[in-house]
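Subject: Structure for your files

Hello,

The structure you asked about is below, with its sequence. My notes on it follow.

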Amino acid sequence: MAGYSGFRILAEGLRGNSGWTPAWRKAAPKPTYDVIVVGGGGHGLATAFYLASMHGITNVAVVERGLVGQGNTGRNTTIVRSNYLLPENNNFYEHSLKLWEGLEQSLNYNVMMSQRGVINLFHNDAQRNAALRRGNSMRLNGIDAEIVDRDGVKALCPIVDLDNGRYPVMGGLLQRRGGTARHDAVAWGFAHAADARGVDIIEHCEVTGMIVEGGAIQGVRTTRGEIRAPKVGLAVAGSTSTLTAMAGFDVPIETHLLQAFVSEGLKPLIDCVVTFGAGHFYVSQSDKGGLVFGGGLDGYPSYGQRGTLPTAEHVYAAGISMIPALGRLRGLRNWAGVMDMTPDGSPYICKTPVRGLYMTAGWCYGGFKATPGSGWCHAWTIAKDEPHRLNAAHTLDRFREGRMLDERGNGPFFWAQ
């Protein structure tokens, strides 16, 4: 397929845009592949892209039960950052952020990466100390981090209510290289680049069973027939436990809902990504002018992809506490992603008890920002049958061995923190 460029856009404009072709083929499944990747979202498509581009494995099928990018990849608040506390996590997310910084060149696709900065506000001494600890951990690992005071917060986002009677703002932890990207463009870009390298992207192909023989994976059963491969990678977010059950084992994952919201369009109002430490609220402004924001989990397991009104009310209330002017806005729409929550708030990128079956899962709140890093590490693990050092700690065995990665209590089980 022809690549994209400014000259191509100009040429197509002059000839009535008659030369554009689909961004990827509508492939039909073949009987056998070298690798099958289950899940046509960002993580699955990134896995296929890096298998082809880094490891030379191009006989790959990506099977997706619906359309590309219509799951969690298209249902999030598009934030990109690497401001994590634990070295195992912040080194991984920093690698992912570096991949984000060169992603448009790697994919030959505009993912609208905008490094506008991410600031996490703190409101008391305890939160300030936690921000200092996190910032120091980041800086020790070569990651940019700054502590800004009230004046610094005001300069970055003047509309924030610094003198809120209940949650006065003392300052914030700032990562200037963080920002946002366009979620659907990320899925389309990885699909375009993987397809250009020979990967088959098979939509409307739901996995209904796993073919396991002698303790090893041999392929998958789908609504479009049986597809065989000696290696299978799972990248299906909140549906992970459903597919691993088909393979005969359980994983420590709970599936929860996480809502996101968008407001009516506005003139430029918020130049960066702002998170409200006291109320679990985060907001940025999209290129179309709408404010994109979200909060915490709905609080009960579900696969529903639709949220509840009490959680929506909490998110709106937290937003108005941080930025009172938001009370004058109208919400346009909301949606929910199906989140794969782990007991310690950290992901899995690893081999499984079934030989030849691999998984990238358990991303909790961090799935979108991890997209290129997850695919990169998952592809490495599949190709070499061993983890890279960046994901060596993100295994299923860590709970049995007492090596939990407690990233600020992000998991659903409070007693595991």
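The side chain of T180 reaches the side chain of R116 in a polar contact of 3.3 Å. Please keep in mind that this is a predicted model. T180 lies in strand β7, which covers residues 179–180. Its relative accessibility is 7%, so T180 counts as buried, the cut-off being under 20%. Beyond the neighbours within four places in sequence, T180 is in contact with T78, V80, M112, M113, S114, R116, V273 and S284. R116 is therefore on the contact list of a residue that counts as buried at 7% relative accessibility.

Next, the sheet. Eight strands form an open sheet with mixed pairing, in the order β5-β6-β4-β14-β15-β16-β13-β17. The edges are β5 (146–149) and β17 (331–341); each has a single partner strand, so one side of each has no neighbour in the sheet. From one strand to the next, the twist averages 25 degrees.

At the β5 edge, the partner is β6 (residues 171–175): the two strands run antiparallel and are joined by 4 bridges. Within this pair, V148 is opposite G172 of β6. Helix α5 (residues 125–140) packs on the sheet, where it touches β4 (118–122), β5 and β6. The direction of α5 makes about 20 degrees with that of β6.

As background, strands of a sheet pair through backbone hydrogen bonds, in either a parallel or an antiparallel manner.

Regards

Terms used. Residues numbered from 1 in each chain as written. Predicted model: local features only at pLDDT ≥ 70, side-chain atom pairs only at ≥ 80, totals over all residues. Heavy atoms only, no water. Buried < 20%, exposed > 50% of the residue type's maximum accessible area, 1.4 Å probe, protein only. Polar contact = N/O pair within 3.5 Å; in protein donor to acceptor, adjacent residues only side chain to side chain. Contact = heavy atoms within 4.5 Å. Pairing = 2+ DSSP bridges. Axes fitted to C-alpha atoms, helices over the stretch in contact; angles between N-to-C directions.
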